[in-house]
Amino acid sequence: MGKHYNPLEKEFLIRQYKLNGQIKLRDFCDIHNISDSAFKNWLKKYEEGGLEGLARADAEIGEVLPDGVDRTEEAYKREILRLRIENERLKKNYAVVKSADGKTEYVHLKTKSSK
């Protein structure tokens, strides 16, 4: 019996396959030790139901995403953009801090040496 992947692992593999248009489905499945038919089934379920579609019916997973998470594609895009901006700020040693009066301020994490 093969390994059971959770929905997030399945989605990761599907995204890897779709991003690399050069590789054949059979070769991709051989590399990751997945049967061709199972992977095709995952692709179909992912296209129809997204991440929730990949959850096994007999598993007691319930909701894959936490409560209160907006499941629309636009919400995911906004979150990715927000995280990219935050990542760039951290690379440049800035952090966003809320002051006591509720205003947003950008502060240096480290002071640079004047030497």
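**Chat about a predicted chain: salt bridges, helices and a hairpin**

Modeller: To start with one pair, lysine 18 and glutamate 47 form a side-chain salt bridge, 2.3 Å from N to O. The term stands for a side-chain nitrogen of Lys or Arg within 4 Å of a carboxyl oxygen of Asp or Glu. Lysine 18 sits in helix α1 and glutamate 47 in helix α3 (residues 36–53), 29 residues apart, so this pair links distant parts of the chain.

Colleague: Before we go on, what kind of model is this?

Modeller: This is a predicted model, where local features need pLDDT of at least 70, side-chain atom pairs count only at pLDDT 80 or more, and totals for chains, interfaces and linings use all residues. Residues are numbered from 1 along each chain as its sequence is written, and side-chain values use heavy atoms, with hydrogens and water left out.

Colleague: Back to that pair. Are lysine 18 and glutamate 47 buried or exposed?

Modeller: Lysine 18 is partly exposed at 44% relative accessible area, while glutamate 47 is exposed at 55%. Buried means under 20% relative accessible area, exposed over 50%, and partly exposed in between, with a 1.4 Å probe and protein chains only.

Colleague: How many salt bridges does the whole structure have?

Modeller: Five, from a search of the whole structure. Another one pairs aspartate 36 with arginine 26, at 3.1 Å from N to O. Aspartate 36 belongs to α3 and arginine 26 to helix α2 (residues 25–31), so the bridge ties together parts 10 residues apart in sequence. The aspartate 36 end is buried at 19%, whereas arginine 26 is exposed at 54%.

Colleague: And which residue does arginine 82 meet in a salt bridge?

Modeller: Glutamate 86, at 3.3 Å from N to O. Both are in helix α4 (residues 73–91), four residues apart, or about one turn of the helix. Arginine 82 is partly exposed at 42%, and glutamate 86 is partly exposed as well, at 37%. Salt bridges with shared partners join Glu79, Arg82 and Glu86 into one network.

Colleague: Why would such side chains pair at all?

Modeller: Side chains of opposite charge can pair when their charged atoms come close.

Colleague: New topic. What is the order of helices and strands?

Modeller: The chain has four helices and two strands, in the order α-α-α-α-β-β. Helices (H or I, at least four residues) and strands (E, at least two) are DSSP runs, numbered from the N terminus.

Colleague: How do β1 and β2 pair?

Modeller: Strand β1 (residues 94–98) pairs with β2 in the antiparallel sense, over five bridges. Pairing requires at least two DSSP bridges between the strands. Valine 97 has glutamate 105 in β2 as its bridge partner. The hairpin has five residues between the strands, and glycine 102 takes a positive phi near 90 degrees there.

Colleague: Which residues make the nonpolar patch?

Modeller: Tyr94, Val96 and Tyr106 make a nonpolar surface patch of about 290 Å². Patch residues have over 30% relative accessible area and no salt bridge; like charges are joined within 9 Å, and nonpolar side chains (Val, Leu, Ile, Met, Phe, Trp, Tyr) within 5 Å. Tyrosine 106 is in strand β2 (residues 104–108) and is partly exposed at 48%.

Colleague: Where is lysine 10, and is that residue buried or exposed?

Modeller: Lysine 10 is in helix α1 (residues 7–19). It counts as buried, because its relative accessibility is 6%. A polar atom of the lysine 10 side chain lies 3.1 Å from the backbone oxygen of leucine 54.

Colleague: What about the loop between α2 and α3?

Modeller: Asparagine 33 is in that loop, with a positive phi of about 55 degrees although it is not a glycine. Asparagine 33 is exposed at 70%. Histidine 32 is in the loop too, partly exposed at 25%.

Colleague: Which residues does histidine 32 contact?

Modeller: Leaving aside neighbours within four places in sequence, histidine 32 contacts Tyr5, Leu13 and Gln16, where contact means heavy atoms within 4.5 Å. From histidine 32 to leucine 13 is 8.7 Å, C-alpha to C-alpha, and 19 residues in sequence.

Colleague: And what share of the chain is buried?

Modeller: Buried residues make up 20% of the 115 residues.

Definitions and conventions
Polar contact = N/O pair within 3.5 Å; in protein donor to acceptor, adjacent residues only side chain to side chain. Areas by Shrake-Rupley, 256 points an atom, 1.4 Å probe, with all protein chains shown as cover.
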